[in-house]
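Let's walk through this protein together, moving from its helices to the empty spaces between them. Keep the 3D view open and turn it as you read.

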Amino acid sequence: MLTYKAPIRDIKFLINEVFDYPKHYQTFANGKNADSETVNMVLEGFADFAENVVAPLYQPADAEGCHFKDGEVTTPKGYKEAYDQFAQGGWQGVAYPEQYGGMALPMSINLIKSEMLGTANWPFAMYPGLSMGAINTILEYSTTEQKDLYLPKLISGEWSGTMCLTEAQCGTDLNQMKTSAKPNGDGTYSINGSKIFISAGEHDLTENIVHIVLARLPDAPAGTKGISLFIVPKFIPNENGEIGERNGVTCGSIEHKMGISSSATCVLNFDNATGYLIGEPNKGLKAMFTYMNTARIGTGIQGLAHMELAFQNSLPYAKERRSMRALSGTKEPDKPADAIHHHADVRRMLLTQKAFSEGARSMIYHVGRYADKLADATIRGDREEIAKWEDKMGFYTPILKGFLTELAQESVKHGLQIFGGHGYIKEWGMEQITRDARISTLYEGTTGVQALDLLGRKVLLQGGGKVVREYTAGIMKWCGDYALDKDMRKYVWALTKLCAEWNVLTGRLAITAKRKNREIISAASDDYLMYSGYVMMAYHWARMAAISFDKMKNGGEQPYEFYLAKTQTAEFYFDKILPRTSGLADSMTTPSEVMTNMDIEHFIID
C-alpha cells in the first residue's frame with residue numbers, strides 16, 4: 001500500500017535555482033553532455049522506472065525475502081526482470097566514462113538517480129549501489145589492463161560488485177583482519193578467509209560478481225598498515241573478457257535480518273580464490289576508503305530515502321484519517337471528525353518529516369557538486385585535485401552518514417505515530433520503512449564511529465579545527481550578503497551566533513582533551529555530530545528560504561505556493577528544530593567522568 005512519487009519539482013528547485021547545476025556543469029569536460037534537455041530526460045525517465053517498475057516490488061519482495069540453497073541466492077520475484085530493465089536502460093553507467101560504455105554525465109546526476117531508486121525500493125537499490133563503489137575504486141586505483149577488463153561489464157550492469165571488509169572477529173576495527181593473500185608467482189594471489197555481512201555478495205541478477213577484498217600479504221606489517229586490496233571475481237574472466245572458470249569464492253549462508261530482507265547479506269568463503277592486486281601492496285585501506293566514502297554518502301542517501309518515503313505516505317494518511325475535533329474549533333462540520341492533519345501535534349510531525357527530507361536533499365546535492373569535481377579529477381588522473389576534493393568531502397561524509405540516518409529514525413517514528421495502530425501493521429508499509437531504516441545507522445560504521453571520525457579525525461587531528469573555521473567562514477560570508485534583507489534577518493542572526501558557538505565548542509573540546517582528559521572526545525562526539533548536522537541543515541534551509549523569498553517577489557520556475565511552503569518550512573526548522581543545538585552544546589561540554597567513573601561491574605548489581 002506504500003506509494004512513491006519522485007519529487008521532481010523539489011529536485012529541479014535545488015539543481016536549477018539553489019545550486020545552479022547548469023553553470024556548475026560548464027566547468028567540466030563532460031559538462032556539454034549535461035544540457036538541460038538531457039538532464040530533464042534522464043530525471044523523467046528514471047523517475048518513471050523508479051515509480052512504476054521498482055517501487056511496486058518493495059513490499060512483496062520484503063515478504064518473500066531472498067532464497068538460499070547450495071551456495072546460491074535467488075532474489076525475490078520481479079527483481080531479475082527489474083534489474084535487466086535497469087541495465088538495458090544504461091542506468092548503471094550514467095556518470096561513467098564513455099570509453100567504458102557510460103553516458104559520461106556528471107556524478108551528481110548519479111546521486112539524484114540513487115535517491116529515486118533508493119526511495120522507491122532501498123533493498124533493490126543496494127545491488128547496483130554496491131557496484132558503484134567497485135567501479136569508483138577500480139577507476140581510481142587499478143591498472144589500465146584491469147580497467148579495460150572489468151569496467152565495461154560493471155558499467156553496463158552485466159556484472160556487479162561488492163565490498164568485502166568485515167570478518168567475524170572484526171567490524172570497524174580492521175587491525176584484527178585475518179584474510180590472507182599469498183603470491184602465486186604469476187602476478188596473481190591466493191586469497192583465503194571468510195567475510196561476513198557482504199551485501200549483494202551472491203545473487204542471480206548478474207552473470208558475474210566482482211568482489212573488492214581486503215587481505216594481508218605474508219610479509220605485511222601489523223595493523224591497518226599491512227592491508228592490501230584485491231579484485232576477486234566470482235568467475236575468472238577469460239582472454240576475451242567473458243566469464244571463464246569458477247573462482248574459489250562461495251556463499252556459505254545469508255543472514256536473516258531485521259530489515260532489508262530482499263537484499264542478500266552474505267557470508268563469503270575464499271578458498272584459494274584467485275585475486276588481483278589493486279594499487280600498491282599494503283596500501284589497500286587508502287584505496288578502500290574510496291569505496292567506503294562512496295558507500296557512506298550512499299548511506300546518507302538512504303537516510304533521505306526513508307525520510308522521503310515516510311513523509312510521502314504519512315501526508316495522505318493524515319489528510320484522510322479522521323479523529324476528534326481540532327482544539328481551535330471544528331474544521332470539517334460535515335464529517336464525523338476532523339482529519340488528523342488539523343491537530344497541531346500531527347502538523348509538528350509532518351513538518352518535521354518535510355524539513356528533514358528537503359533539508360537532507362539540499363545537503364546531499366551540495367556535496368554532489370564536490371563529487372563531480374572528484375570524479376572529474378579521477379578521470380583526468382590529477383592526484384592533487386583528487387586529494388583536495390576527497391579532503392573536502394571527508395568533512396561532510398560523517399555528517400551525511402551519521403546525522404541524516406539518525407534523523408531518518410525520527411522521521412519514520414513520526415510516520416508510525418501518524419498512522420497509529422495501522423503503522424504497526426505490515427500491510428500499510430510504515431513498519432517496513434522503520435525496519436529497513438535501522439540498518440542505515442549501523443553499516444559503513446555506526447553513528448558513534450561516524451561521530452568519532454568527525455570530531456576526532458576530521459576536525460581535531462587533521463587541522464585543529466581548521467575545517468570548522470573554514471566552513472563557518474563560508475556561512476558568515478553568506479550571512480553578510482543577506483544582513484540587510486528584512487526577510488532573512490532571523491536566519492542570519494541565528495546562524496551568526498551558531499557559527500561563533502560551533503568554533504568555541506570545538507576549541508573547548510580540543511583544549512580539554514589536550515590538558516585534562518582525552519576521553520572527552522569520545523564522550524562528546526555524538527553530541528558534536530548532531531550539533532554540526534543541525535547547524536549545517538539550518539544553513540541549507542536559510543539558503544532555500546532566501547531563494548524562495550526572491551522567487552516569490554520576482555517569479556521562478558515553480559508556482560508561488562511552492563516557494564511559500566519553503567519559507568514556512570524554514571521558519572518551522574529554525575523555531576522548532578534548531579533549538580536542539582542548545583542542549584547538545586551543554587551536554588558535549590559536560591566532563592566525561594560522568595560516563596567513565598562507574599565501575600562496569602556496578603552497572604547491574606546481582
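Helices here are DSSP runs of H or I with at least four residues, numbered from the N terminus. With that in mind, remember that you are looking at a predicted model.

A good place to begin is the second largest pocket, which holds about 470 Å³ of space. Its lining is made up of 19 residues, and Lys392, Phe395, Val467, Glu470 and Tyr471 are the ones nearest its centre. Two or more lining residues come from each of helix 10 (344–380), helix 11 (383–419), helix 14 (466–481) and helix 16. Which helix gives the largest share of this lining? The answer is helix 14, with 6 residues. By class, the lining of the second largest pocket has 7 nonpolar, 5 polar and 7 charged residues.

Next, follow helix 16, one of the helices you just met at the pocket. Helix 16 covers residues 519–554, and helix 17 covers residues 560–577. Their axes lie 8 Å apart and form an angle of about 150°. An angle over 145 degrees counts as roughly antiparallel, and helix 16 and helix 17 are therefore roughly antiparallel to each other. The crossing of helix 16 past helix 17 is left-handed. To find where the two touch, look in helix 16 for residues including Gly533, Tyr534, Met537, Trp541 and Met552, and in helix 17 for residues including Tyr560, Leu564, Tyr573 and Ile577. This contact counts 16 nonpolar, 4 polar and 2 charged residues.

Helix 16 has another partner to explore: helix 15 (residues 489–515) packs with helix 16 at an angle of about 160°, and their axes are 11 Å apart. Helix 15 and helix 16 are therefore roughly antiparallel too. Here again you will find a left-handed crossing, as helix 15 passes helix 16. On the helix 15 side the contact includes Tyr491, Leu495, Trp502 and Leu509, while the helix 16 side includes Ile520, Tyr528, Val535 and Phe549. Sorted by class, the contact of helix 15 with helix 16 has 18 nonpolar residues, 3 polar and 1 charged. Try picking out Ala538, Ala542, Ala545 and Phe549 of helix 16: these residues take part in the contact with helix 17 and also in the contact with helix 15.

Now turn to helix 10, which meets helix 17 in another arrangement. What is the angle at which the axes of helix 10 and helix 17 cross? They cross at roughly 105° and come within 10 Å. Angles of 65 to 115 degrees count as roughly perpendicular, so helix 10 is roughly perpendicular to helix 17. In helix 10, Arg348, Leu351, Thr352, Lys354, Ala355, Phe356 and Glu358 make the contact, and their partners in helix 17 are Ala565, Lys566, Thr569, Phe572, Tyr573 and Ile577. The residues here divide into 7 nonpolar, 2 polar and 4 charged.

Finally, look for enclosed spaces. The structure has 3 cavities of 30 Å³ or more, and the largest cavity has a volume of about 50 Å³. Around the largest cavity sit Leu2, Thr3, Tyr4, Ala55, Tyr58, Gln59, Thr119, Ala120 and Leu309. Helix 4 (58–64) and helix 6 (107–120) are the elements that supply two or more of these lining residues. How many charged residues line the largest cavity? There are no charged residues in its lining, which has 6 nonpolar and 3 polar residues.

Methods
Residues numbered from 1 in each chain as written. Predicted model: local features only at pLDDT ≥ 70, side-chain atom pairs only at ≥ 80, totals over all residues. Heavy atoms only, no water. Axes fitted to C-alpha atoms, helices over the stretch in contact; angles between N-to-C directions. Parallel < 35°, antiparallel > 145°, perpendicular 65-115°, else oblique. Left-handed = near helix turned anticlockwise from the far one by under 90°. Contact = heavy atoms within 4.5 Å. Nonpolar A, V, L, I, M, F, W, Y, C, P; charged D, E, K, R; others polar. 1 Å grid on protein atoms, 1.4 Å probe; cavity = no way out; pocket = protein on both sides within 12 Å on 5 of 7 lines; lining within 4 Å. Points joined across faces, edges and corners; volume = space filled by probe spheres on them.
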